[in-house]
Amino acid sequence: MSDKMEINWLKEVKNRRDEIVYELREFLQYDSVYDEKTRKAGAPFGTKIEAALLHLLNLGKKANFSVRNLEGYAGYIEMGQGEESVGILCHIDVVPPGEGWSSPPFAAEIQNDRIVARGALDDKGPTIAAFFAMRIIHELNLSIKRRVRLIIGTDEERNWECVDFYFRHEEMPTVGIVPDADFPIIVSEKGVLDVEVSIPFHDTSEHPVRLQTFYAGERLNMVPDRAIASLICSHESTEAIKASFDHFIEEHQLEGKAKAENGLLMLTLEGKSAHGSTPEKGINAAVKLAQFLHHVNGLSDPFIQFISEHLRETNGAGLSIACSDDVSGPLTINAGRFAYTYGETGTIGVNIRYPVTVDVETFLAGLQAHNHRIMNHLKPSYVEKDHPLIRTLQTVYKRQTGEEATLLAIGGGTYARALKTGVAFGPLFPGEEDTAHQKDESISIDQLLRATALYAEAIYELASQ
């Protein structure tokens with residue numbers, strides 16, 4: 001087939017619909033959450049992620065592609081020849097599923113033409129879409145000038161050790177796309193800082209009500225949807241706090257419960273999870289619970305005071321680090337992990353996303369007033385709008401959708417920032433609900449097929465240059 005304009009990419013995808021859906025559902029059944037307990041040589045992030053990686057590499061072998069496992073840190077599936085290459089950077093690890101799903105989170109059930117599973121949207125669905133895009137080009141026997149390499153990350157949701165390892169041992173693609181965000185095209189991504197704030201212990205044993213424990217959150221890039229605190233107090237205080245808590249959750253239209261057990265008053269508050277790049281879309285259970293505790297008579301604890309006074313806003317104003325620019329918008333913060341036990345230093349893990357044109361040192365000064373350490377730092381990413389990569393993706397997107405390919409800026413941190421020249425490209429279409437990191441995460445079959453068609457043409461165009 002010599003004339004690329006004659007290819008009906010969506011038709012080619014739909015001809016493989018059943019196989020695409022089947023392979024995605026199979027892949028989603030791997031519980032590829034980071035598992036510290038099963039780390040070993042060849043499985044640096046645990047055997048569950050290792051199993052998912054081996055499964056995908058085996059699909060590549062069956063398709064007659066070249067594959068390589070880089071000691072379990074990453075892998076790749078490659079086709080074609082040439083010195084230059086097109087990289088498609090995906091990841092197969094997922095965040096913990098949490099609770100409250102309508103079906104088991106790794107069952108990959110189909111509900112209302114949507115595949116429901118942890119990782120369906122972030123990022124196993126797009127990974128399978130990109131893999132089949134490569135297969136279609138290969139099966140149509142199309143001539144390309146650049147190699148195409150599907151690069152498989154395994155630690156994106158945690159510390160990015162996978163891409164660090166990969167690029168220490170492998171080449172940088174000439175250009176790349178990352179199917180892990182939104183369509184049309186994301187040309188700018190905010191910088192990302194993971195910071196742990198420490199709250200020194202203060203003896204509050206003389207107070208009528210004492211905070212014994214406070215816990216919430218599993219990942220810094222997820223809004224905590226549940227917070228649990230335990231208090232030591234008298235019987236009279238217990239009854240008063242329970243009544244006040246019931247009033248608080250009713251007033252704020254939240255869910256929660258207060259229960260006295262083993263000499264403690266246990267308070268549980270439910271929030272709403274969301275991706276750490278859009279904390280305003282969630283309800284931070286820990287912040288809400290701290291706001292309640294801050295006004296409990298007889299309770300005075302620096303840990304609760306810090307949360308209530310400094311973490312209420314998601315724009316960083318409470319920490320004196322609020323800033324913005326015209327390219328990528330305002331800074332956001334997500335307080336994602338909380339841990340406190342009486343007698344010990346309390347810790348709060350905060351995920352900060354800062355504008356692309358802002359010097360990180362200009363707002364870090366605001367954190368100097370608090371005990372903190374920087375755990376991870378991903379610098380901003382930006383590709384100029386007139387770059388050939390951008391023009392190619394714009395042409396493909398408009399040709400297939402009939403819509404203009406608006407250039408976007410996001411707070412999310414995708415692998416695009418690991419590339420010398422790369423952007424995030426889909427899979428979420430305008431108007432589609434973003435369920436990443438939420439319960440009942442899902443991808444519509446229609447969205448999956450349309451994204452596959454876009455990836456197929458985009459990869460072919462980029463590999464033909």
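How do the residues of the lining of the largest cavity divide into nonpolar, polar and charged? That seems a good place to start a walk through this predicted model.

1. **The cavity.** The answer is 6 nonpolar, 1 polar and 1 charged. A search of the whole structure turns up 1 cavity of 30 Å³ or more, and its volume is about 30 Å³. If you want to find the spot, look for Ile199, Pro200, Phe201 and His202, together with Asp301, Pro302, Phe303 and Tyr340, which line this cavity.

2. **The largest pocket.** Turning to the pockets, the largest one holds about 910 Å³ of space. Its lining takes in 40 residues, and the ones nearest the centre are Asn221, His275, Arg353, Gly412 and Gly413. By class, you'll find 15 charged, 13 polar and 12 nonpolar residues in this lining.

3. **Which strands build it.** Several strands supply at least two residues each to the lining of the largest pocket: E8 (181–182), E10 (191–199), E17, E18 (346–354), E19 (372–378) and E23 (427–428). Which strand gives the most? That would be E19, with 3 residues.

4. **The second largest pocket.** This one has about 660 Å³ of space. There are 26 residues in its lining, with Glu99, Asp225, Arg226, Glu270 and Ser273 closest to the centre. The lining breaks down into 10 charged, 8 polar and 8 nonpolar residues. Strands E11 and E12 are each down for at least two of the lining residues.

5. **Helix H7.** E11 and E12 come up again here, so keep them in view while you look at H7. This helix covers residues 285–293 and is mostly covered itself, with 8 of its 9 residues buried. The buried ones are Ala285, Ala286, Val287, Leu289, Ala290, Gln291, Phe292 and Leu293. What do they pack against? Their partners are strands E11 (210–216), E12 (226–232), E14 (264–270) and E17 (332–341), plus helices H6 (235–251) and H8 (302–310).

6. **The cap on H7.** Have a look at the N-terminal end of H7 too, where Asn284 acts as the cap. A side-chain oxygen of Asn284 sits 3.1 Å from the backbone nitrogen of Ala286, and Ala286 is one of the buried residues of the helix.

7. **Arg146.** Is this arginine buried or exposed? Arg146 is buried, at a relative accessible area of 10%. You'll find Arg146 in the loop between helix H4 (124–139) and strand E6 (147–153). Its side chain reaches the backbone oxygen of Leu462 at 3.1 Å. Setting aside neighbours within four places in sequence, Arg146 is in contact with Gln81, Glu84, Ser85, Val86, Thr174, Val175, Leu462, Ala463 and Gln465.

8. **Cysteines.** How many disulfides does a search of the whole structure find? The count is 0. Take Cys90: the closest cysteine sulfur to its own is in Cys162, 12 Å away, and that is too far for a bond, because a disulfide needs the two sulfur atoms within 2.5 Å. Cys90 counts as buried, since its relative accessibility is 0%. Cys233 also counts as buried, at 18% relative accessibility, because the cut-off for buried is under 20%.

Notes:
Residues are numbered from 1 along each chain as its sequence is written. This is a predicted model: local features need pLDDT of at least 70, side-chain atom pairs count only at pLDDT 80 or more; totals for chains, interfaces and linings use all residues. Side-chain values use heavy atoms; hydrogens and water are left out. On a 1 Å grid over the protein atoms alone, a cavity is a set of points where a 1.4 Å probe fits but cannot get out, and a pocket is an open set with protein on both sides within 12 Å along at least five of seven lines; lining residues have an atom within 4 Å of a point. Grid points are joined across faces, edges and corners, and a volume is the space filled by probe spheres set on the points. Ala, Val, Leu, Ile, Met, Phe, Trp, Tyr, Cys and Pro count as nonpolar, Asp, Glu, Lys and Arg as charged, and the others, Gly among them, as polar. Buried means under 20% relative accessible area, exposed over 50%, partly exposed in between (1.4 Å probe, protein chains only). Helices (H or I, at least four residues) and strands (E, at least two) are DSSP runs, numbered from the N terminus. Contact means heavy atoms within 4.5 Å. A polar contact is a pair of N or O atoms within 3.5 Å; within protein, one must be able to donate a hydrogen and the other to accept it, and residues adjacent in sequence count only if both atoms are side-chain atoms.
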